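Q: Let's go through this one together. I'll throw questions at you as they come up.

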Amino acid sequence: MKLAMTLPRIPLPTLPRLSWSPRGAMASWLVVGNLLVVVALVGMTALSLWSHRATETDRARDVVENLAQNMAVEINAELRNTDNALATIALRYRSARQSADQAAMVAKLLQEQRGLLPQVTALRIADIHGTVTTGLMPGERPFNVGDRAYFSQARTTDAMVISEPLNSRAQNHWCIILARRLIDHDGNFDGIVYAVVTAKHFVDRFSGVALGPSGAVSLRSEAMNLVARYSASEPNSTKGFGTRSLSDQAQRSLEQNPERGVYITPTAIDQVDRITAYRKVPGYSMTLFTGMSSDYFLAGWRTQLVRQSLLAALVALALAAASGLIHRIHRGERRSREALAKLAREQDAMLQNDLIGMVRVRNGHAVWSNPALERMFGYGPGEMVGQAAIRLFLSPQEHARVRDTALATMRAGGRFQTQLRMRRQDGSEFWVDLHGTVVSETESMWMLVDIDGLKRSEEQAQHLALRDVLTGLPNRRLFEEKVGDAIQGARRTGRGFAVCYLDLDGFKAINDQHGHEAGDEVLMEIGQRLQTLVRGNDVVARLGGDEFAILLSGIARPEDVEQTLQRCLFSIQRRITLDCGEKVSVGASIGAVVGGGGDNCRELLHAADESMYAVKRTGKGQIQIAGHAHSEWAVAA
């Protein structure tokens, strides 16, 4: 994909009227020479900016493509899980003969499969006329879905039907329906079984994706109607749900390749310019979109654009002034000397700039360098002259690779540019933007810009994507990775571990009474207390809101988990003094599961979550631990 960019406009000096006397010809040639230098400088600046923008755009493209791929796989897993459950119900329904106990059997079957589908809000059966009587919520009255398009579609196919986004009549929220037809023992159509997946479920999943302050993740149906969308700038918005709100560029890209693609354009819903990648969910008629705003991923490039444009403009103005002075040299010897002195000072100011390091290399050794380069590499004035270029590289192999590639490019008439790590005199490493051009057969000129701060900012952004912003603890994504590592470790060593979910009791009252800032203080204090109570190889994470998680490694018995969690529970219940002087206290409900090398990560996390909510239902302020055989211990706080 070709990405358009706007290069800076550098003002060029106006050509003076040329006088073709011997003196006038000399001055004119000087002006032409200075103009050529300006053109060369503009070309190098434009090339650097173009290359930097292309690099930033490619990096952003990789990020959104990877996220789109990963999220599409996750959505596929959920849909496949639901599809398998519906197929199981349909198969067992057909094998059952009509009897008085059939209704009880169907209800039990729905309850069993519902427990395996945490992503599903409701699992229901509608009869041949579309009347829903099985799977109703407590107090919910039967209703009819016979007029819904998914009902008509499901009765004519054996495959699972995915509906377009619709507003639920029963619960009054946006959702999609996953449905399969039911065939009775005699092979006749006998209704449908369907699952309800809310848009909020997808929004909650998308909210954990790190795409910057204006990033967006959305899911669309086969007809490209919006199923769910999350944007960090509008986290609770349902704008566009159920509609086909696509930009012209998005529609063209989908026409060319409906399976996958990347494009840059303002999003139709909120008009934010983004680089957007889309992937079709494997095996299902849904498409996942991830977008990162141009303002976010081009922020560093715009800063460099301003700096390099200003520097190029200053150089152009300096050379324009020098041309005028040289032209006046021929009017008098005294004025000639003054003009030459001023030109020398201006050229020196250009070479002695603080932003761009310059060095002239002959046969692999520096024959001249400016102070910016000396400061960049930690050398004193004049110390770089005579130094071998290989000393600035991390290894002889790296130097040979860059040298051979650069010489081949420059001898073919091009300009070499790359970004790499180099070595200062004190041995420390840092990132450099390197540009080179040939001066003669044995000499070349190099320009170097220190971009170490920009690179470190990128690394820090990657770090923040896996950490909770408030407490600094690992977030849900990093915690799930650590649980996966613990399972792998248990397979190698045979030692067990425990996954614990913790939800604070009484936290909402603190927010309501003292404000959200007080709530943040409580969350940070609880995170610090939990950190001090676990070992160095254990993990404490914040999952969101007032929910925390703990991964305890090297666990052999549930009693070991209980002792640690009791200490955590007692520590949480200690009173907390807020910055305003008020003292508050909270409790906690803790659910845990003891795991081993044979467990599945997602099932362990679900079991710990279910254990915690079981504590919530039976009485707060307790600990409940589930083991391999799903036996449980309840401990009163």
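Q: First up, how does the lining of the largest cavity split by class into nonpolar, polar and charged residues?
A: The split is nine nonpolar, eight polar and three charged residues. Ala, Val, Leu, Ile, Met, Phe, Trp, Tyr, Cys and Pro go in as nonpolar, Asp, Glu, Lys and Arg as charged, and the others, Gly among them, as polar.

Q: And what am I looking at, model-wise?
A: This is a predicted model, where local features need pLDDT of at least 70 and side-chain atom pairs count only at pLDDT 80 or more, while totals for chains, interfaces and linings use all residues. Residues are numbered from 1 along each chain as its sequence is written, and side-chain values use heavy atoms, with hydrogens and water left out.

Q: OK, how many cavities of 30 Å³ or more are there?
A: There are three. A cavity here is a set of points on a 1 Å grid over the protein atoms alone where a 1.4 Å probe fits but cannot get out, and lining residues have an atom within 4 Å of a point. Grid points are joined across faces, edges and corners, and volume is the space filled by probe spheres set on them.

Q: What's the volume of the largest one, and which residues lie nearest its centre?
A: Its volume is about 200 Å³. The lining takes 20 residues, with Ser218, Tyr263, Thr267, Thr276 and Phe289 nearest the centre.

Q: Which strand gives the most to that lining?
A: β8, with four residues. At least two residues each come from β8 (216-220), β10 (260-266), β11 (273-280) and β12 (287-293). Strands (E, at least two residues) and helices (H or I, at least four) are DSSP runs, numbered from the N terminus.

Q: And the second largest cavity, what volume does that have?
A: About 140 Å³. It is lined by 17 residues, and Phe143, Ser168, Arg169, Ile177 and Tyr194 are the closest to its centre. The elements giving two or more lining residues are β1 (122-126), β6 (174-183) and β7 (189-198). By class, that lining has ten nonpolar, four polar and three charged residues.

Q: Back to β8. What's the strand order in its sheet?
A: It's an open sheet of five strands, β9-β8-β12-β11-β10, with antiparallel pairing. Two strands pair if DSSP finds at least two bridges between them. β9 (226-231) and β10 are the edge strands, each pairing on one side only. On average, neighbouring strands here are turned by 15° against each other, direction ignored.

Q: How many bridges link β8 and β12?
A: Five, in the antiparallel sense. Ala216 stands opposite Gly291 in β12.

Q: Which strands does helix α4 lie across?
A: α4 (residues 199-206) lies across β8, β9 and β12, at about 35° to β9. Then there's α5 (residues 248-256), which packs on the sheet, touches β10, β11 and β12, and makes about 165° with the direction of β10. Contact means heavy atoms within 4.5 Å. Axes are lines fitted to C-alpha atoms, for helices over the stretch in contact, with angles from 0 to 180 degrees between N-to-C directions.

Q: Next sheet: what's the order with β14 in it?
A: β14-β13-β17-β16-β15, an open sheet of five strands with antiparallel pairing. β14 (365-369) and β15 (416-423) stand at the edges with a single partner strand each, so one side of each has no neighbour in the sheet. Neighbouring strands are turned by 35° against each other on average, direction ignored.

Q: How many bridges between β15 and β16?
A: Eight, with β15 and β16 (residues 429-438) antiparallel. Arg423 stands opposite Glu429 in β16. Helix α10 (residues 396-411) packs on this sheet, touching β15, β16 and β17 (443-450), and its direction makes about 165° with that of β15.

Q: Switching again: how many residues sit between β1 and β2 in their hairpin?
A: Four, and Gly130 in the turn has a positive phi of about 95°. Two bridges join β1 to β2 (residues 131-134), running antiparallel. Ile125 has Thr134 in β2 as its bridge partner.

Q: Last one: at what angle do α13 and α14 cross?
A: Roughly 140°, with the axes of α13 (residues 507-514) and α14 (residues 516-533) coming within 7 Å. The two are therefore oblique to each other. Under 35 degrees counts as roughly parallel, over 145 as roughly antiparallel, 65 to 115 as roughly perpendicular, and the rest as oblique.

Notes. On a 1 Å grid over the protein atoms alone, a cavity is a set of points where a 1.4 Å probe fits but cannot get out, and a pocket is an open set with protein on both sides within 12 Å along at least five of seven lines; lining residues have an atom within 4 Å of a point.
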